[in-house]
Amino acid sequence: MKLKQLEGLLGELQQFTRPKVELEQYATGSHIASRMLYTAENSFDDITGKVVADFGCGCGTLAVASSLLDAEHVVGIDIDPQCLELAQENAADLELDMDLIQCDIKNLNLRGLLVDTVVMNPPFGTSRKGADMEFISMGLKVARRAVYSLHKTSTREHIKKVALRNCNAISAEVLCELRYNLPQTYKFHRQKEVDIAVDFWRFVPRARHEGSTACSVTANVKQRRMHG
């Protein structure tokens, strides 16, 4: 699939109608999402034929993009059931198959599913300090190949230092700097839109022994199978 076609399909997805500020819910725009996944596949071969997990999947944009790029299996994980309903509708509209799991990333404990690649647009840690690093840490515990993520450029040095020192990363590379167009979403936003400088990261986890498990669905995790 060509980049322009991917961006066009992602641009038609349903997005948040009532985003939750405490979860720092912001839609991942089709322009950024398409380039994230297109780069992950065409530069590193990390999507097509791979098992991909979308952490904090929200409306499912990155998960849908992974499916459209022929990932072998896609799992979307989010704490918000309303987001998962939207992700379910988006997948169904495009006749895509994916699993959706309701779970707090902090409590994610998946077993039996070996995940190759994690993709995410996590909280920036504005509402709750350290939320961004929780996502990176869990991503590097789960992924066997790589973690792709977006983070504010202003946190670049901190992200790299902690990822390499504390989060099991053997490498942490900024692939490019992007402009995240943030529309007026919450009451405290005073401008109609703001451009935020964000880094597009690729983290590579330290190798683990073959046969190590990546995920386990615990009793309190709700899972639904999506069929297009």
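Here are some exercises on this predicted model, each with a worked solution.

**Exercise 1. Get the overall layout.**
How many helices and strands does the protein chain have, and in what order do the elements run?

*Solution.* Start with the tally: the protein chain holds six helices and eight strands. Now walk along from the N terminus, and the elements read α-α-β-α-β-α-β-β-α-β-α-β-β-β. Next, check how much is covered: 49% of the 228 residues in the protein chain are buried. Finish with the contacts. Taking those between residues at least 6 apart in sequence, 75% join residues at least 24 apart.

**Exercise 2. Work out how α1 sits against α2.**
Which class of angle do the axes of α1 and α2 fall into, and which residues meet?

*Solution.* First, find the two helices: α1 covers residues 3–10 and α2 covers residues 30–44. Their axes come within 9 Å and cross at roughly 135°. An angle over 145 degrees would count as roughly antiparallel, and 65 to 115 as roughly perpendicular. The angle here fits neither, so α1 is oblique to α2. As for handedness, α1 passes α2 in a right-handed crossing.

Then look at who touches whom. On the α1 side you have Leu-3, Leu-6, Glu-7 and Leu-10. They meet Ser-30, His-31, Ala-33, Ser-34, Arg-35 and Tyr-38 of α2. Sort the residues of this contact by class and you get five nonpolar, three polar and two charged.

One more thing helps when you look at a helix face: an α-helix has 3.6 residues a turn, so residues three or four places apart point the same way.

**Exercise 3. Do it again for α2 and α3.**
At what angle do α2 and α3 pack, and what kinds of residues make the contact?

*Solution.* The packing angle is about 45°, and the axes are 10 Å apart. Roughly parallel would need an angle under 35 degrees, and α2 and α3 are therefore oblique to each other. Their crossing is right-handed.

On to the residues. Ala-33, Met-36 and Leu-37 of α2 meet Thr-61, Leu-62, Ala-65 and Ser-66 of α3. Broken down by class, that contact has five nonpolar, two polar and no charged residues. Ala-33 also turns up in the contact with α1.

**Exercise 4. Zoom in on α3 and Ser-66.**
Is Ser-66 buried or exposed, and what does Ser-66 touch?

*Solution.* Begin with the helix. α3 spans residues 61–68, and Ser-66 is in it. Eight of the eight residues of α3 are buried, so call this helix mostly covered. Among them are Thr-61, Ala-63, Val-64 and Leu-68.

Now the serine. Ser-66 has 0% relative accessibility, so it counts as buried. Leaving out residues up to four places away in sequence, Ser-66 touches Leu-37, Ile-47, Val-52, Ala-71, Val-74 and Val-119. Leu-37 is one of the α2 residues in the contact with α3. Before you leave the helix, peek just past α3: Asp-70 takes a positive phi of about 70° there.

**Exercise 5. Check the cysteines.**
How many disulfides does a search of the whole structure find, and how far from Cys-83 is the nearest cysteine sulfur?

*Solution.* The search comes back with zero disulfides. For Cys-83, the nearest cysteine sulfur belongs to Cys-59 and is 5.4 Å away. A disulfide needs the sulfurs within 2.5 Å, and Cys-83 is in no disulfide. Cys-83 is buried, with a relative accessible area of 2%. Cys-167 is buried too, at 6%.

**Exercise 6. Trace some links across the sequence.**
Where do Val-115, Phe-124 and Arg-202 lie, and how far are they from a partner distant in sequence?

*Solution.* Take them in turn.

- Val-115 lies in strand β4 (residues 115–120) and counts as buried at 1% relative accessibility. Its C-alpha is 6.3 Å from that of Val-142, 27 residues apart along the chain.
- Phe-124 is in the loop between β4 and α5 and counts as buried at 14%. Phe-124 and Thr-155 are 31 residues apart in sequence and 9.1 Å apart, C-alpha to C-alpha.
- Arg-202 is in strand β7 (residues 193–205) and counts as buried at 14% relative accessibility. From Arg-202 to Val-119 is 83 residues in sequence and 9.4 Å between C-alpha atoms. The contacts of Arg-202 include Phe-44, Asp-46, Arg-145, Tyr-148 and Glu-173.

Conventions. Residues are numbered from 1 along each chain as its sequence is written. This is a predicted model: local features need pLDDT of at least 70, side-chain atom pairs count only at pLDDT 80 or more; totals for chains, interfaces and linings use all residues. Side-chain values use heavy atoms; hydrogens and water are left out. Axes are lines fitted to C-alpha atoms, for helices over the stretch in contact, and angles run from 0 to 180 degrees between N-to-C directions. Helices (H or I, at least four residues) and strands (E, at least two) are DSSP runs, numbered from the N terminus. A crossing is left-handed if the near helix is turned anticlockwise from the far one by less than a right angle, and right-handed if clockwise. Contact means heavy atoms within 4.5 Å. Ala, Val, Leu, Ile, Met, Phe, Trp, Tyr, Cys and Pro count as nonpolar, Asp, Glu, Lys and Arg as charged, and the others, Gly among them, as polar. Buried means under 20% relative accessible area, exposed over 50%, partly exposed in between (1.4 Å probe, protein chains only).
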